[in-house]
Each structure stands twice: as C-alpha cells, then as structure tokens.
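This report goes through a few features of one protein chain, one at a time. Please look at the sequence and the structure before reading on.

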Amino acid sequence: MITNEVALIGYGYWGEKLARVIEKSSCANLRWCCDISKPNLEAVKKLFPATNVTTQLYDILKDIFRDETARIIEWEEKRLDTKYKEAWEWALNFSDEERK
C-alpha cells in the first residue's frame, strides 16, 4: 500500500488529535510536526518517536522539496547563463553609433 508522508503544522488541540489519526492510518505516516511550542514538540517526540520535529516551517520545506529545489536551481542557472551570454554578446556588438 502507498504511504503518504504528512507534515503537521501546529500541535495544539486539533493537531494532537490529527497526529493520532495520521499515525493509526495505514496509508499515512507522520513525518514532520512543526509547532512554536517546545513542550508541544517534546510531547510529539514522546508519543511518536519516528516523527521529525521543528519550530521552523523552512526545515520541512527544505526536506520535502530538496530534490525539486536542486532541479529548479540547475534549470535557473542554465537559463541565466543563456540570458547573460545573450546580453554580453549584444553589448559587445553594440556599435558606438548606437550608443549615441
């Protein structure tokens, strides 16, 4: 069966209930929990030891999109190299007459 990895943002009143449902589910795995409260995150680690915890949403995004981010950066670098090359060639071919 396919397991979906879930990131739970906020472990307050409803977050605690959602975490339990996610963990009991056969098709979902609680991979991350994010909360600004350190005691809440300690409770998550105690109940769900395999779950990663953080106070920063960025940590979750970095983990989830690491492969996609690498592809986007590579594509963007190629695109910018092409743009700068074209601009540089244009500048080199720009005659003194056109500058006036």
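## Threonine 54

Threonine 54 lies in strand β3, which covers residues 52–54. The model is a predicted one. Threonine 54 counts as buried because its relative accessibility is 7%, and buried means under 20%.

The side chain of threonine 54 makes a polar contact of 2.5 Å with the side chain of aspartate 59. Apart from neighbours within four places in sequence, threonine 54 is in contact with Trp32, Cys33, Cys34, Asp35, Leu41, Asp59 and Ile60.

## Cysteine 33 and the nonpolar core

One of the contacts of threonine 54 is Cys33. Residues up to four places away in sequence not counted, cysteine 33 touches Leu8, Tyr11, Leu41, Val44, Thr51, Asn52, Val53 and Thr54. Leu41 is thus listed for threonine 54 and also for cysteine 33.

Cys33 also belongs to the largest nonpolar core, which has 9 residues. The other members are Leu8, Tyr11, Ala19, Ile22, Ala28, Leu30, Val44 and Phe48. At least two residues of this core come from α1, and at least two from β2. The largest share, 3 residues, is supplied by β2. In soluble globular proteins, nonpolar side chains tend to be buried together.

## Salt bridges

How many salt bridges does a search of the whole structure find? The search finds 3. Side chains of opposite charge can pair when their charged atoms come close.

In one salt bridge, the side chain of glutamate 5 meets that of arginine 31, at 2.3 Å from N to O. This pair links distant parts of the chain: glutamate 5 is in strand β1 (residues 4–9) and arginine 31 is in strand β2 (residues 28–34), 26 residues apart. The side chains of arginine 31 and aspartate 63 meet in another salt bridge, at 2.8 Å from N to O. Here too, distant parts of the chain are linked, with arginine 31 in strand β2 and aspartate 63 in helix α3, 32 residues apart. Salt bridges that share partners join Glu5, Arg31 and Asp63 into one network. Within this network, arginine 31 is partly exposed at 23% relative accessibility, whereas aspartate 63 is buried at 16%.

## A pair within one helix

Glutamate 16 and arginine 20 also form a salt bridge, and their closest N and O atoms are 2.7 Å apart. Why are these two residues separated by about one helical turn? The reason is that they are 4 residues apart in helix α1, which covers residues 13–24.

Are glutamate 16 and arginine 20 buried or partly exposed? Glutamate 16 is partly exposed, with a relative accessible area of 31%. Arginine 20 is partly exposed as well, at 37% relative accessibility.

## A nonpolar patch on the surface

Nonpolar residues are also found on the surface, where Ile9, Leu57, Leu61, Ile64 and Phe65 form a patch. Together they have about 450 Å² of accessible area. Which helix gives the largest share of this patch? Helix α3 (residues 57–64) does, with 3 residues.

Phenylalanine 65 is another member of the patch. This residue is found in the loop between α3 and α4. Its relative accessible area is 41%, so phenylalanine 65 is partly exposed.

Conventions: Residues numbered from 1 in each chain as written. Predicted model: local features only at pLDDT ≥ 70, side-chain atom pairs only at ≥ 80, totals over all residues. Heavy atoms only, no water. Buried < 20%, exposed > 50% of the residue type's maximum accessible area, 1.4 Å probe, protein only. Polar contact = N/O pair within 3.5 Å; in protein donor to acceptor, adjacent residues only side chain to side chain. Contact = heavy atoms within 4.5 Å. Patch = residues over 30% accessible without salt bridge, like charges linked within 9 Å, V, L, I, M, F, W, Y side chains within 5 Å. Areas by Shrake-Rupley, 256 points an atom, 1.4 Å probe, with all protein chains shown as cover. Salt bridge = Lys/Arg side-chain N within 4 Å of Asp/Glu carboxyl O. Core = buried A, V, L, I, M, F, W, Y, C linked by side-chain atoms within 4.5 Å.
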